[in-house]
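Reader: I would like to know how each label in this model is earned. Please show me the values along with the cut-offs behind them.

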Amino acid sequence: MTQPPMTDPTRKHHSEGFPAQSQEQPGLTGEMTPTPDHGERTYQGSLDLSGRRALITGGDSGIGRAVAIAFAREGADVAIAHLPEEQEDADDTLRWVTESGAKGLSLPGDLLEEEYCADIVERTIAEFGGLDVLVLNAAYQKDREGVESLQTAEFDRVFRTNLYAPIFTARAAVPHLEPGASIIVTTSIQGFDPSPSLVDYAMTKAAQVAFVKALAEELGPRGIRVNGVAPGPIWTPLIPATGWDAERLATFGQDTPLGRAGQPAELAAAYVYLAGEGASYVSGAILPVTGGRGL
């Protein structure tokens, strides 16, 4: 079999800074320059997840979209939870999912609502007949000028999105998971190497690491694996919606050993690995995809 040629990872994707741009939360893919690569044209599956049924929060864009596309091309049916205002992105993601021959399910709503977190689990199971892979990926972050100016409402939103929602969703899903099932949490390098301007976001990401390790310890005897992926700087709609100035965008990802920001497509294989049989003895792990920055 012909092997694909090796590529220089420093030049594989956009290696310059990013132009000045801003969006309101939630960020949308169509308003980004340049458009992120989610693997739409490049990810080639080998049916490693054939027959699996997956639910991905924040699956409409960014890392969630890349994972949805990869899972579908690996043979999994995919449900994506997203905000109603992200429906256009969600529809585009599901088009790629169904073109791969997999079933897709759109679940619009707000993860800040406890009832919705349980509902997306029930609706996924009703549609697909079960749930095998839960990806807790949705997140919220904003640039902070300092802790003294951090508003309580913003602090609450970050914690409810990044911590409460994963707990609520996992709590609803776990009773339905069979041995061999997998939970994957999108953590962050911020949980290990926090930036002052993302203090509340970094706090939640550090807590997610503890969540992964504690849940892996609890669910291991039941044959359910729990792991995390820790992205570094990745070009997703969350970035122009964070509130960074032109200088911050121009240098985004340039401080990594590989010298650039990552693309969502470059994380997809990590999630496929953790969801599949190749990782059957991997639980409680945090897999870094950081361009060389250490955890």
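Author: Gladly! Let's start with the side chain of S106, which makes a polar contact with the side chain of H82 at 2.7 Å. This is a predicted model, where local features need pLDDT of at least 70 and side-chain atom pairs count only at pLDDT 80 or more, while totals for chains, interfaces and linings use all residues. Residues are numbered from 1 along each chain as its sequence is written, and side-chain values use heavy atoms, with hydrogens and water left out.

Reader: What makes the link between the side chains of S106 and H82 a polar contact?

Author: The term asks for a pair of N or O atoms within 3.5 Å; within protein, one must be able to donate a hydrogen and the other to accept it, and residues adjacent in sequence count only if both atoms are side-chain atoms. The 2.7 Å between S106 and H82 meets that limit. The side chain of Q87 also makes a polar contact with that of S106, at 3.2 Å.

Reader: Is S106 buried or exposed, and how do you know?

Author: Buried means under 20% relative accessible area, exposed means over 50%, and partly exposed is in between (1.4 Å probe, protein chains only). S106 has 17%, so it counts as buried. It lies in strand 3, a strand being a DSSP run of E with at least two residues, while a helix is a run of H or I with at least four, both numbered from the N terminus. Leaving aside residues up to four places away in sequence, S106 touches I80, H82, Q87, L94 and R123, where contact means heavy atoms within 4.5 Å.

Reader: Which strands stand at the edges of the sheet, and why?

Author: Seven strands form an open sheet in the order 3-2-1-4-5-6-7, with parallel pairing; two strands pair if DSSP finds at least two bridges between them. Strand 3 (104–108) and strand 7 (286–289) each have a single partner strand, so one side of each lacks a neighbour in the sheet. From one strand to the next, the twist averages 15 degrees.

Reader: How do you know that strand 1 and strand 4 pair?

Author: Strand 1 (residues 53–57) and strand 4 (residues 133–136) share three bridges in the parallel sense, which satisfies the requirement of at least two. L134 in strand 4 is the bridge partner of L55. Strand 4 is also joined to strand 5 by four bridges, again parallel, and there V135 stands opposite I184.

Reader: Why is strand 5 called largely enclosed?

Author: Five of its five residues are buried, so the rest of the structure largely encloses strand 5. S182, I184 and T186 point one way and I183 and V185 the other, yet all are buried.

Reader: What makes helix 7 largely enclosed?

Author: Six of the eight residues of helix 7 are buried, so the same description is given to it. They are A268, A270, Y271, V272, L274 and A275. Their cover includes helix 1 (62–73), strand 4, strand 5, strand 6 and strand 7.

Reader: What makes Y164 and F168 an edge-to-face pair?

Author: Rings of Phe, Tyr and Trp (its six-membered ring) pair if their centres lie within 6.5 Å; planes under 30 degrees apart count as stacked, over 60 as edge-to-face and the rest as tilted. The centres of Y164 and F168 are 6.0 Å apart and their planes stand at 85 degrees, so edge-to-face is the right label. Both lie in helix 4 (residues 152–173), four residues apart, about one turn of the helix. Y164 is partly exposed at 40%, whereas F168 is buried at 13%. The whole structure holds five aromatic pairs, and F18, W235 and F252 form one aromatic cluster.

Reader: How do you know that the charged end of R95 sits over the ring of W96?

Author: The rule wants NZ of Lys or CZ of Arg within 6 Å of the ring centre and within 35 degrees of the ring normal. The charged end of R95 is 4.7 Å from the centre of the W96 ring, and that of R157 sits over the Y140 ring at 3.9 Å. R95 belongs to helix 2 (residues 87–99) and, at 37% relative accessibility, counts as partly exposed.

Reader: Why does A81 count as buried?

Author: Its relative accessibility is 1%, so it falls under the 20% limit. A81 is found in strand 2 (residues 77–82). Its C-alpha atom is separated by 5.6 Å from that of G58, 23 residues apart along the chain.

How values were computed
Axes fitted to C-alpha atoms, helices over the stretch in contact; angles between N-to-C directions.
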